[in-house]
Amino acid sequence: MLLSGGFSWVYVALLLALLTFNSVMAVYHSMGDGAIVAFVATSYADLVLLFCCLWLYSRAAAGSAWRNRLKASVWTLTTLLTFAFAYMVMGTAGLTLPVALLVWFIAAATGIGAFSAFFEQGRINPAPGEPMLLPPV
């Protein structure tokens, strides 16, 4: 049985099983480090929620309030995951202050860029039937 995007439920179950296995192995190899266990658990929950929101978003009616809320949820989950990875890089790499600031700047720029791509409806994602405006040269 195929999902609306052309993926089968078997494929989705296999990917979820691989994500779960990878997360369990990461927790096992963390040797009881609470920060790593919390990071893995948060990232796992974030990814599962993100995939669910993306699937629901693709099935929601265009222009509906539910679709807009799902879009906001996708942006929030993506930004949370980006900042979680930036935080882990900060903690494990022992970065100097300028490099650490660069990591946080890149994470913030990614979140701002994703926000602008998701929510500037008229310029990037025109409404159905609305002509797409060309970018400035």
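Tyr87 is exposed in this predicted model, with a relative accessible area of 56%, and because exposed here means over 50%, the residue falls within that class. The place of Tyr87 in the chain is helix H3. Between the C-alpha atoms of Tyr87 and Ala107 there is a separation of 9.6 Å, while the two residues stand 20 residues apart along the chain.

The setting for this residue is a chain with 4 helices and 0 strands, in which the order of elements from the N terminus on is α-α-α-α. Of the 137 residues in the chain, 20% are buried. Helix H1 covers 9–29 and helix H2 covers 34–59, whereas helix H3 takes in residues 65–93 and helix H4 residues 97–119.

Part of this arrangement can be set beside a database record. The unreviewed UniProt entry carries the annotation "transmembrane region" for residues 36–58, 70–89 and 95–119. In the model, the span 36–58 is 100% helix and 0% strand, with its end C-alpha atoms 33 Å apart. For residues 70–89 the corresponding distance between end C-alpha atoms is 29 Å, and this span is likewise 100% helix and 0% strand.

The loop between helix H1 and helix H2 contains Met31. The phi angle of Met31 is near 55°, which is a positive value in a residue other than glycine. Met31 is also exposed, its relative accessible area being 77%. On the helices that flank this loop, Val27 belongs to helix H1 and is partly exposed at a relative accessible area of 32%. The C-alpha atom of Val27 is separated by 9.0 Å from that of Ala38, a residue 11 positions apart from Val27 along the chain.

A further feature of the surface is a nonpolar patch of about 840 Å², made by Trp9, Tyr11, Val12, Leu14, Leu15, Leu18, Trp55, Leu56 and Trp66. The elements giving two or more residues to this patch are H1 and H2, and the largest share, 6 residues, comes from H1. Trp55, one of the patch residues, is found in helix H2. At a relative accessibility of 32%, Trp55 counts as partly exposed; patch residues are required to have over 30% relative accessible area, so the value of 32% for Trp55 meets that requirement.

Aromatic contacts were examined next, and the count comes to 4 aromatic pairs. One of them is formed by Trp9 and Trp55, whose rings lie 6.1 Å apart from centre to centre with 65° between the planes, an edge-to-face arrangement. Because Trp9 lies in helix H1 and Trp55 in helix H2, the pair ties together parts that are 46 residues apart in sequence. Trp9 is partly exposed, with a relative accessible area of 42%, and Trp55 is partly exposed as well, at 32%.

Another pair brings together Trp75 and Phe115, whose ring centres are 5.2 Å apart and whose planes stand at 70°, so that the pair is edge-to-face. The pair links distant parts of the chain, with Trp75 in helix H3 and Phe115 in helix H4, 40 residues apart. Trp75 is partly exposed, with a relative accessible area of 23%, and Phe115 also counts as partly exposed, at 41% relative accessibility. Both values are classed in this way because partly exposed covers the range between buried, under 20%, and exposed, over 50%.

Contacts of an aromatic ring with a charged residue are represented by Arg67 and Tyr57: Arg67 lies over the face of Tyr57, at 4.0 Å from the ring centre.

An approach between residues distant in sequence is given by Thr78 and Leu50, which are 28 residues apart in sequence and 7.4 Å apart in space, C-alpha to C-alpha. Thr78 is situated in helix H3, and at 29% relative accessibility this residue counts as partly exposed.

Note on methods: Residues numbered from 1 in each chain as written. Predicted model: local features only at pLDDT ≥ 70, side-chain atom pairs only at ≥ 80, totals over all residues. Heavy atoms only, no water. Buried < 20%, exposed > 50% of the residue type's maximum accessible area, 1.4 Å probe, protein only. Patch = residues over 30% accessible without salt bridge, like charges linked within 9 Å, V, L, I, M, F, W, Y side chains within 5 Å. Areas by Shrake-Rupley, 256 points an atom, 1.4 Å probe, with all protein chains shown as cover. Salt bridge = Lys/Arg side-chain N within 4 Å of Asp/Glu carboxyl O. UniProt positions renumbered as here; feature names shortened; annotations may be inferred. Phe/Tyr/Trp six-rings, centres within 6.5 Å; stacked < 30°, edge-to-face > 60°. Lys NZ or Arg CZ within 6 Å of the ring centre and 35° of its normal.
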